[in-house]
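Open your viewer, switch to a cartoon view and keep the selection box at hand. We will go from stop to stop, and at each one you will hear what to select and what is there.

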Amino acid sequence: MLPKMNVRYALAFLTLLVVIAMPFIVFQVNQQQQLSPSKRRTLEQQLARMKTVQETQQKVIETLREELRHTKAADVAKEELHETKADTQGKDINAKQDAESCVDSNENCPGWVDCCPNGTGEGSQCGDTDCSRPGDAPCEGLWMRGACKLTCGICPGMVPVHAGKTFEKKEPVLAPWEREPAQSRNVSINPPAMWEMFHEKNPRVVRMTEIITEEEAAEMRRLAEPHLRRSQVVDPHNSSELVDKVRTSQGMWMHGPKFECAGRRKIIDTVSEVVGYPPSHFEQMQILRYHPGEYYIHHSDYFESHMLKYVGAGNRVATSIVFLNNLHEGEGGGTKLVYAKPEPVLVTPKTGTGILFYNVKRNQMVDRSSEHEAIPPKEGFEKWVAILWIRLRPWS
């Protein structure tokens, strides 16, 4: 099949050839009375051949025209098919967008519904549950209406849906003093560690004492030191790890047979007893060392809702920090809960002691008052800690 441009050129050339040649032949025929018989026969033969050529050309032209019609028809059909596909894709995209616009985009929606079922806070018993964004009035509901469209029933043609019909009821995350005695795992720890309520709420903090001995802490430091590397942070967009100037300590993961020791086992057992979750919910233990001037600026350990799809195992419900060396007032190196209410909380390191604070509230909503920072040690001092993050579901 000839391209479109070649067809046009061929038609133009053949037309021009016929226009130029025919007057000449006609002139020659008109002059044949003056020609000899032999010349007349020659001209007649030329005229016959020309007619044959013209007929052949006409057939070629018709063939080209037919091919051109088929080409145009094919182009039109292709264009219509493309438009149909584009229209179908557009409808699919619009349908997807419409569907996504009518779903609850925030994992905290069940909590908001329980607290503010109408999105206004009217007639609800909110307690310490914040049904709005930080900075909004409690139970104002503006943030809830934006994040929980299905639950609030604000999409066109939708009816408000109650939490019991849309969600599975979330199990409350309870601090030790909030649990019934029967809920305790009763893990036997020898000698038993001690714990006490250090901060009742905003955030909930447990103080743990007599977890490990000086000798056990020294063994953990010795095992960890050859493997220390620059600490990393979690990328808030996709949960990958990267080096950032906000965190300058050295760290390693104390996991595997070669790091098995009495101190590590005791910390895991103690934290499991206090938090009420089995060790299968724990991330690997991380050992951190802070040299003079090294720090980790204030940050949160919980994951925002948009990150949960990357991390698996649910949110970090709690963080445990056990101190592996002593520091005194004026030597720096403390752990500070910067947004604790009514005022910030500063914990000074003491070997074998630790704190456990909850990153989420009872209803699994993130607790922004759990943000904390690692204060740098002063010159001539260093800080060692063992960190455990406890997940909502089993972690691997």
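Begin by selecting P342, which sits in the loop between β10 and β11. Keep in mind throughout that this is a predicted model. Show the backbone here and look at the bond that comes before the proline: K341 and P342 are joined by a cis peptide bond, with omega at about 10 degrees.

**The four-stranded sheet**

Now colour the strands on either side of that loop and their partners. Which strands make up this sheet, and in what order? The order is β8-β13-β10-β11, an open sheet of four strands with antiparallel pairing. At its edges you will find β8 (296-299) and β11 (345-347), each of which pairs on one side only. On average, neighbouring strands here are turned by 15 degrees against each other, direction ignored.

Zoom in on the middle of the sheet by selecting 335-337 and 372-374. These are β10 and β13, antiparallel strands joined by three bridges. Select K336 and look across to β13, where E373 stands opposite.

**The eight-stranded sheet**

Next, bring the other sheet into view. It is an open sheet too, with eight strands in the order β1-β2-β12-β9-β14-β7-β6-β3 and antiparallel pairing. The edge strands to pick out are β1 and β3 (229-230), which each pair on one side only.

Start at the β3 edge. Two bridges pair β3 with β6 in the antiparallel sense, and R229 has G251 of β6 as its bridge partner. Keep G251 selected, for it also has a bridge partner in β7, namely L288. In total, five bridges join β6 (residues 250-254) to β7, and these two strands run antiparallel.

Stay with β7 and select 285-290. Is this strand buried or exposed? Six of its six residues are buried, so β7 is largely enclosed by the rest of the structure. Turn the strand to check both faces: M285, I287 and R289 are buried on one side, and Q286, L288 and Y290 on the other.

On to β14, residues 383-391, which pairs with β7 in the antiparallel sense over five bridges. Show side chains for Y290 and K383, which are bridge partners. There is a second thing to see in this pair: K383 lies over the face of Y290, at 5.2 Å from the ring centre.

From β14, step across to β9, residues 316-323. Eight of its eight residues are buried, so β9 is another strand largely enclosed by the rest of the structure. Seven bridges pair β9 with β14 in the antiparallel sense, and S320 has L388 of β14 as its bridge partner. Then look towards β12: five bridges join it to β9, again running antiparallel. To find your place along that pairing, select V322 and look for G354 opposite in β12.

**Two loops with backbone features**

Most residues other than glycine have a negative phi, and most peptide bonds are trans. The next two stops go against that pattern in part.

Select N202 and P203. Both belong to the loop between β1 and β2: N202 is placed there, and P203 lies between β1 (194-199) and β2 (205-209). What kind of peptide bond joins N202 and P203? The bond is cis, with omega at about -5 degrees. N202 also has a positive phi, near 55 degrees. With a relative accessible area of 18%, N202 is buried.

For the second loop, select Q364, found between β12 (354-358) and β13. Its phi is near 75 degrees, again a positive value in a residue other than glycine. Q364 counts as buried, at 11% relative accessibility.

While you have β12 in view, add R204 and Y358. R204 lies over the face of Y358, at 4.5 Å from the ring centre.

**The largest pocket**

For the last stop, switch on a surface. The largest pocket has a volume of about 960 Å³. Where is its centre? Select V233, V234, R247, Y296 and R316, which lie nearest to the centre among the 47 lining residues. Finally, highlight β14 once more: this strand gives the most to the lining, with five residues.

Note on methods. Residues numbered from 1 in each chain as written. Predicted model: local features only at pLDDT ≥ 70, side-chain atom pairs only at ≥ 80, totals over all residues. Heavy atoms only, no water. Pairing = 2+ DSSP bridges. Axes fitted to C-alpha atoms, helices over the stretch in contact; angles between N-to-C directions. Lys NZ or Arg CZ within 6 Å of the ring centre and 35° of its normal. Buried < 20%, exposed > 50% of the residue type's maximum accessible area, 1.4 Å probe, protein only. 1 Å grid on protein atoms, 1.4 Å probe; cavity = no way out; pocket = protein on both sides within 12 Å on 5 of 7 lines; lining within 4 Å. Points joined across faces, edges and corners; volume = space filled by probe spheres on them.
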